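Student: I'd like to learn how to read helix packing, burial and disulfides from a model. Can you walk me through it?

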Amino acid sequence: LSLDTPAPSDLVAQALKQAAQADPLYCFPNRLEDILVLEFAIRSNPQDARAPYYLGCLWYDRRQYRNAIACWENAAALDGTFPTVWRNLSLASFNQLHDPEKARRQMERAYELDESDARVLLELHQLYGRLRFSPSERLAFLDKHRDVAFQRDDVYTEYCTLLNDLGRYQEALDLLMAHTFHPWEGGEGKVTTQYAVALTQLGIRSLQRGDAASARDLLERALVFPHNLGEGKLEGAKDNNIHYWLGLALRALGEETAAVRHLEMAASGHEEPAS
């Protein structure tokens, strides 16, 4: 039906009702003509919370941020139990309104409404990081929702990172080795970095205790990535710090030739000066 063509009112009302009750999970209007459709739906059924939500998504995609926020606020007022609209408002508050506290309240509201949503859990955890929550506070938050957090490789990796940040290296290593990771966009090097950090720090601790043999074993492990991490070592990786401590461990064991080789590798930089 054309929006300019009169239609039987019962058919219009039925279509609008079906649209308002449809699952919004994979609905993302993105065409210019969708603006007219959604504006018509809002005028025709002012109690429909989904039409302003959809229109807000379209406006935000077109960088019409104020229009988007107004639509989402309208949608939240009509239906405050829909988590995604609060999540979207949080992103807009942080990135466009530069109001981090408002963003925090909105994202917390989104997660309270659906604590099974691992993506919102990740985004709330990341927001806590931007708000400078301490590693112990952020770990406590993830611990409270551990079953959900461990559904996603990126949140699982964040959990291990916090353990390393707090010096709980053996716990981080045990978790990393107990999980099979899969590559994801933006996650390059994150899992393997935490694996190397945990083993290197455990090796340093062993060396400081005078157990050079354990230190050597741990540091040698740090140079090889196991298959469960889902990523191999990048070409040209230097691992200077690992080679440095491994050189000291080998020197303590009396293996001077091997120690010098690793110390020379530790002192070797890239061919091009860089940060």
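Student: How are H10 and H11 oriented to each other?

Tutor: Two packed helices are described by the angle between their axes and the distance between the axes. In this predicted model, helix H10 (residues 153–165) and helix H11 (residues 169–177) pack at about 160 degrees with axes 7 Å apart, and H10 and H11 are therefore roughly antiparallel (angles over 145 degrees count as that). The contact (heavy atoms within 4.5 Å) includes Tyr156 and Leu163 of H10 and Ala172 and Leu175 of H11.

Tutor: Some housekeeping: residues are numbered from 1 along each chain as its sequence is written, and side-chain values use heavy atoms, without hydrogens and water. Local features need pLDDT of at least 70, side-chain atom pairs count only at pLDDT 80 or more, and totals for chains, interfaces and linings use all residues.

Student: Which residues of H13 are buried?

Tutor: An α-helix has 3.6 residues a turn, so residues three or four places apart point the same way. In H13 (residues 212–222), the buried ones (under 20% relative accessible area, 1.4 Å probe, protein chains only) are Ala212, Ala215, Leu218, Leu219 and Ala222. Those residues fall within an arc of 125 degrees seen down the axis of H13, so they line one face (the arc uses directions from the helix axis to the C-beta atoms). Their cover includes helices H12 (190–208) and H14 (240–252).

Student: How many disulfides are there?

Tutor: A disulfide is a covalent bond between the sulfur atoms of two cysteines. With a cut-off of sulfur atoms within 2.5 Å, the count is zero. For cysteine 57, the nearest cysteine sulfur, that of cysteine 27, is 8.3 Å away. Cysteine 57 is buried, at 4% relative accessible area.

Technical notes: Buried < 20%, exposed > 50% of the residue type's maximum accessible area, 1.4 Å probe, protein only. Helix = DSSP H or I, 4+ residues; strand = E, 2+ residues; numbered from the N terminus. Axes fitted to C-alpha atoms, helices over the stretch in contact; angles between N-to-C directions. Parallel < 35°, antiparallel > 145°, perpendicular 65-115°, else oblique.
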